[in-house]
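Here are my notes on this entry, set out as numbered points. Please read them with the structure open.

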Amino acid sequence: MGTQSDWLKISLGHWRNQALSTHTKTRRVEVALGERSYNIEIGQQLLTDSSLLHALIPANQVMVVTNETIAPLYLDALVKSLGTKQVATCVLPDGEQAKRLDSMLPVFDELLANGFDRDCYLVALGGGVIGDLAGFVAATYQRGVAFVQIPTTLLAMVDSSVGGKTGVNHPCGKNMIGAFHQPKAVIADLDLLSSLPDREFRAGMAEVIKYALLGDAAFLAWLEAHLPEVFARDTEALAYIVERSCQNKAAIVQADEKEAGQRALLNLGHSFGHAIEGATGYGPWLHGEAIAAGMCMALRLSARLSWITAEECARGIALIQRAGLPIEPPSQITPETFLDFMQRDKKNRGGQLRLVLLKGLGNAVVSADYPESALLETLQEYSDG
Ligand SMILES: NC(=O)c1ccc[n+]([C@@H]2O[C@H](COP(=O)([O-])OP(=O)(O)OC[C@H]3O[C@@H](n4cnc5c(N)ncnc54)[C@H](O)[C@@H]3O)[C@@H](O)[C@H]2O)c1
Ligand SMILES: O=C(O)C(=O)C[C@@H](O)[C@H](O)[C@H](O)COP(=O)(O)O
Ligand SMILES: [Zn+2]
């Protein structure tokens, strides 16, 4: 005999499948970058929409890059929908650990073995790891070929597939080797989220909350009110958060494609978060989890500086906690280790640590104008040592 909570789980699961089977209209967000402009298509049944794929991937030679977890779920369907083109595939190992330079070599080998020329298209079918890596292969193969992002995680749909940051990690730091290379299109098929594990879904929510905290106070209030629908994976709620997140990201990327200035706002929580990922060896902490803890650290430092009130700080942290995300870094990471990683952050200039901090919820700033002691005290708050 099942318990009441078993029953609740079963009925919620049933409702979730029903929710996903309701068809939402396709939404489109444009990333307007002159000759590098492209659209983000957000909808359902897009992976099997041959006419959409033919329109957005107008090449005869197509290389699909994916990983060993996603391939059995979605690769056949995609290859079938691509039809009669010359389609090659490259299936990489799963995980953040695989986001490194030498994982790119099998993709280059496969492109060359198949005689792919400069008119070929790469298709990144996966989360942020595959998108960043395949995008960097596209940026460098024969000095640059076209690519399309088909994000399969929430994080990739709301963030990594958009904006053209591609690259791989180095043991000394996150995304240390890479290039700006915009995709030709982003195809976000919400149906693919039905197989995403809950932990990965929560990690994606960290980047969604990021947009709200850094520049969209109305979205923050919406998320506070609608988190249950989001976590039930209600199709309309998913379509809304993906669309709103992409609109926020597109607006910033359009204004500052190569991060000369305001694009760094998209790095809220990342100076701390990337240090957590690096210090733990890339993997145990998912990117979104590290960024969640990092955003809490940025909130706490902002409150220490009196740039936000204690209430605003608590409100931001409460939402992150309600999303089931960590609100503190691992206590074993010492302030020295944090500073070591943070000193190599790409936002720094002239030896100064530039951080994304808050001057109100929905109002982030990039600043090196804070007393070093405030940063050290914040790091010490979390440390065992
Ligand atoms: N380029 C950017 O602007 C940008 C932005 C944010 C994050 N990132 C990068 O993205 C990476 C994190 O991306 P992520 O969170 O998508 O992680 P990920 O790519 O590792 O995917 C998460 C996990 O989910 C699995 N998975 C993916 N889609 C699935 C699906 N539909 N069903 C079942 N399992 C699925 C994957 O195999 C993997 O195990 C980090 O490397 C981060 O630095 C880049
Ligand atoms: O698109 C951006 O710009 C971002 O900063 C988005 C981040 O969520 C993402 O994690 C990005 O890869 C971080 O970039 P980095 O330049 O700090 O390595
Ligand atoms: Zn990120």
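1. The ligand 2 shell. This is a predicted model, and I begin with a ligand. Ligand 2 is surrounded by Asp159, Gly163, Lys165, Lys174, Asn175, Glu207, Glu259, Arg263, Leu266, Asn267, His270 and Lys346. By class, seven of these residues are charged, four are polar and one is nonpolar. Domain 1 (22–195) and domain 2 (209–382) each supply at least three residues to the shell.

2. The domains. The protein chain splits into domain 1 (22–195) and domain 2 (209–382). Their C-alpha centres are 26 Å apart. Domain 1 puts 28 residues into the contact, and domain 2 puts in 26 residues.

3. The domain 1 face. Which elements give two or more residues to the side of domain 1 that touches domain 2? They are strand E1 (27–31), strand E2 (38–43), helix H6 (154–160) and strand E8. The residues on this side comprise 15 nonpolar, eight polar and five charged.

4. The recorded site. UniProt, in an unreviewed entry, lists Glu207, His270 and His287 under "binding site". These positions are spread over 81 residues of sequence, yet they cluster in space, with a largest C-alpha distance of 10.3 Å. Two of the listed residues, Glu207 and His270, also appear in the shell around ligand 2.

5. Glu207. This residue sits in helix H7 (residues 198–215). Is Glu207 buried or exposed? Glu207 counts as buried because it has 26 C-beta neighbours inside 10 Å, where 20 or more are needed. Beyond its neighbours within four places in sequence, Glu207 contacts Leu155, Val158, Asp159, Gly288 and Ile291. Of these, Asp159 is also one of the residues around ligand 2.

6. His287. Helix H11 (residues 287–304) holds this residue. His287 is buried, as 26 other C-beta atoms lie within 10 Å. Leaving out residues up to four places away in sequence, His287 touches Glu96, Gly128, Leu155, Ala203 and Glu277. Leu155 is thus a contact of His287 and of Glu207.

7. Helix H13. In H13 (residues 335–342), the buried residues include Phe338, Phe341 and Met342. Why do they lie on the same side of H13? They cover an arc of only 100° around the axis, so they share that side. What do the buried residues of H13 pack against? Their partners are strand E8 (173–180), helix H10 (270–279) and helix H14 (372–382). E8 is also among the elements that give two or more residues to the side of domain 1 touching domain 2.

Conventions. Residues numbered from 1 in each chain as written. Chains lettered and ligands numbered in written order. Predicted model: local features only at pLDDT ≥ 70, side-chain atom pairs only at ≥ 80, totals over all residues. Near = placed C-beta within 6 Å. Nonpolar A, V, L, I, M, F, W, Y, C, P; charged D, E, K, R; others polar. Domains from an automatic or database assignment. Buried ≥ 20, exposed ≤ 12 C-beta atoms within 10 Å, placed from the backbone. Helix = DSSP H or I, 4+ residues; strand = E, 2+ residues; numbered from the N terminus. Arc of directions from axis to C-beta. Contact = placed C-beta atoms within 7 Å. UniProt positions renumbered as here; feature names shortened; annotations may be inferred.
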